[in-house]
Amino acid sequence: MERKEKVLRRLRRHKRIRKKIVGTEERPRLVVYKSAKHMYAQLVIDPPVGTAKVITGASTLSPEIREKVKEAKTKTEKAKLVGELIAERAKKHGITKVAFDRAGYKYIGRVKALAEAARKAGLEF
């Protein structure tokens, strides 16, 4: 399968998902993005009109977890660290409930690990 085709399928899935999931002040959207090396998560509020507002974010490049990420052996372990960090940052902003947006990725592997770590750290989906 061509790489371009795979990316287009993921983007179509994401578009379908985004029709249903909306980030509000009370329940922001937890968006996940994964690249070949890194994992990213953001909390986003979607206004009725205009562009979205990012409240906070976390990634494998975040300074707080960079050393732990270097020690982690697998990408899944790194994703768990990002999930814990995003939950910690959400709590600092007074957020406990989020709408999980998997961005068209299937709910397995790194995406699942990040989501479960965030739940375990106190976020409600």
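**Contacts and cover in this predicted model**

Q: Buried or exposed: which word fits R89?
A: The relative accessible area of R89 is 17%. The cut-offs are under 20% for buried, over 50% for exposed and partly exposed in between, using a 1.4 Å probe and protein chains only. That makes R89 buried.

Q: What kind of model are we looking at?
A: Residue numbers start from 1 along each chain as its sequence is written, and side-chain values use heavy atoms, with hydrogens and water left out. Local features need pLDDT of at least 70 and side-chain atom pairs count only at pLDDT 80 or more, while totals for chains, interfaces and linings use all residues, since this is a predicted model.

Q: Which residue does R89 meet in a salt bridge?
A: A salt bridge here is a side-chain nitrogen of Lys or Arg within 4 Å of a carboxyl oxygen of Asp or Glu. R89 has such a contact at 2.7 Å, N to O. The pair ties together parts 25 residues apart in sequence, because R89 lies in helix α3 (residues 75-92) and its partner in the loop between β3 and α2 (66-71). That partner, partly exposed at 49%, is E64.

Q: How many residues apart are R18 and D46?
A: These two form a salt bridge, with the closest N and O atoms 3.6 Å apart. The pair links distant parts of the chain, R18 in helix α1 and D46 in the loop between β2 (39-45) and β3 (53-59). R18 is partly exposed at 28%, whereas D46 is buried at 14%. Along the sequence, the separation of R18 and D46 is 28 residues.

Q: Which residues join R18 and D46 in a network of salt bridges?
A: A search of the whole structure turns up 6 salt bridges. Some of them link up into a network that contains R18 and D46. Its other members are R29 and D101.

Q: Why are E5 and R9 about one helical turn apart?
A: E5 and R9 form a salt bridge, their closest N and O atoms being 3.7 Å apart. E5 is partly exposed at 43%, and so is R9 at 30%. Helices are DSSP runs of H or I with at least four residues, strands are runs of E with at least two, and both are numbered from the N terminus. About one turn separates the pair because, within helix α1, their spacing is 4 residues.

Q: Stacked, edge-to-face or tilted: which describes the rings of Y33 and Y40?
A: The whole structure holds 4 aromatic pairs. Y33 and Y40 have ring centres 6.0 Å apart and planes at 40°. Rings of Phe, Tyr and Trp (its six-membered ring) pair if their centres lie within 6.5 Å, with planes under 30 degrees apart counted as stacked, over 60 as edge-to-face and the rest as tilted. So this pair is tilted.

Q: Which residue completes the aromatic cluster of Y33 and Y40?
A: Y33 is partly exposed at 41%, and Y40 is partly exposed at 28%. The two belong to one aromatic cluster whose remaining member is Y105.

Q: What is the C-alpha to C-alpha distance between V44 and P28?
A: V44 sits in strand β2 and is buried, at 4% relative accessible area. In sequence, V44 and P28 are 16 residues apart. In space, C-alpha to C-alpha, the distance is 5.4 Å.
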